[in-house]
Amino acid sequence: MTSAPADPLRLCVYATVAALAWLAGPLAVTAFAALGLAGYVRARRAGLQRSKCVLRDVRLVMAYLAALTAAGLAGIGWQCWIWLT
């Protein structure tokens, strides 16, 4: 009997907290979302199909975390552009 892979729910929670705390800066959002995404990719490859995250489906959680990562990177780019102009 094989046990189910560990659900990296806490990484999804960290990414959500970082998104809600956008005032802390896009770097925090990018870091937490990328960390969460990496954890869920690893868990998905290990066979995780359902998450304890509100979105439930691991693919949806990964899409959410990828979107947060992209938004964080866009925010970092925006801040750099503002500083350079």
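A residue counts as buried here when its relative accessible area is under 20%, as exposed when that figure is over 50%, and as partly exposed in between. Keep that in mind for what follows, since this is a predicted model and burial comes up again and again.

**Overall layout**

The chain has three helices and zero strands, so in DSSP terms, with helices being runs of H or I, there is little to untangle. Read along the sequence, the pattern is simply α-α-α. The C-alpha trace spans about 60 × 20 × 15 Å along its principal axes. Of the 85 residues, 31% count as buried. The accessible surface adds up to about 5700 Å², and carbon and sulfur atoms own 69% of that. As for contacts with a separation of 6 or more, 63% of them involve residues 24 or more positions apart.

**Helix α3 and what it packs on**

Helix α3 covers residues 58–84, which makes 27 residues. How far apart should its ends be? At 1.5 Å a residue the helix should span 39 Å, and the end C-alpha atoms are indeed 39 Å apart, so the two values agree. Buried along α3 are Val58, Val61, Met62, Leu65, Leu68, Thr69, Gly72 and Gly75. Which helices do these buried residues pack against? They pack against α1 and α2.

**A nonpolar patch outside**

Over on the surface, Val13, Tyr14, Val17, Phe32 and Leu35 make up a nonpolar patch with about 440 Å² of accessible area together. Helices α1 (9–20) and α2 (26–45) each contribute at least two residues to the patch, and the largest share, three residues, comes from α1. Take Val13 as one example from the patch: it is found in α1. Its relative accessible area is 41%, which lies between the 20% and 50% cut-offs, so Val13 is partly exposed.

**Around the α2–α3 loop**

Arg56 lies in the loop between α2 and α3. Its phi is near 65 degrees, a positive value in a residue other than glycine. Arg56 is partly exposed, with 39% relative accessibility.

Next to consider is charge pairing. Side chains of opposite charge can pair when their charged atoms come close. How many salt bridges does the count give? The count comes to one salt bridge. In it, the side chains of Arg59 and Asp57 meet at 2.7 Å, N to O; that is a salt bridge because the cut-off is 4 Å. The two partners fall into opposite classes: Arg59 is exposed at 51%, whereas Asp57 is buried at 17%.

**Cysteines**

A disulfide is a covalent bond between the sulfur atoms of two cysteines. What does the count of disulfides come to here? It comes to zero. Cys12 is buried at 2% relative accessibility, while Cys80 is partly exposed at 33%.

Here are the individual residues side by side:

| Residue | Relative accessible area | Class |
|---|---|---|
| Cys12 | 2% | buried |
| Val13 | 41% | partly exposed |
| Arg56 | 39% | partly exposed |
| Asp57 | 17% | buried |
| Arg59 | 51% | exposed |
| Cys80 | 33% | partly exposed |

Definitions and conventions:
Residues are numbered from 1 along each chain as its sequence is written. This is a predicted model: local features need pLDDT of at least 70, side-chain atom pairs count only at pLDDT 80 or more; totals for chains, interfaces and linings use all residues. Side-chain values use heavy atoms; hydrogens and water are left out. Patches are made of residues with over 30% relative accessible area and no salt bridge: like charges are joined within 9 Å, nonpolar side chains (Val, Leu, Ile, Met, Phe, Trp, Tyr) within 5 Å. Accessible areas come from the Shrake-Rupley method with a 1.4 Å probe; for residues, only the protein chains shown count as cover. Helices (H or I, at least four residues) and strands (E, at least two) are DSSP runs, numbered from the N terminus. Buried means under 20% relative accessible area, exposed over 50%, partly exposed in between (1.4 Å probe, protein chains only). A disulfide is a pair of cysteine sulfur atoms within 2.5 Å. Contact means heavy atoms within 4.5 Å. The expected span of a helix is 1.5 Å times one less than its number of residues.
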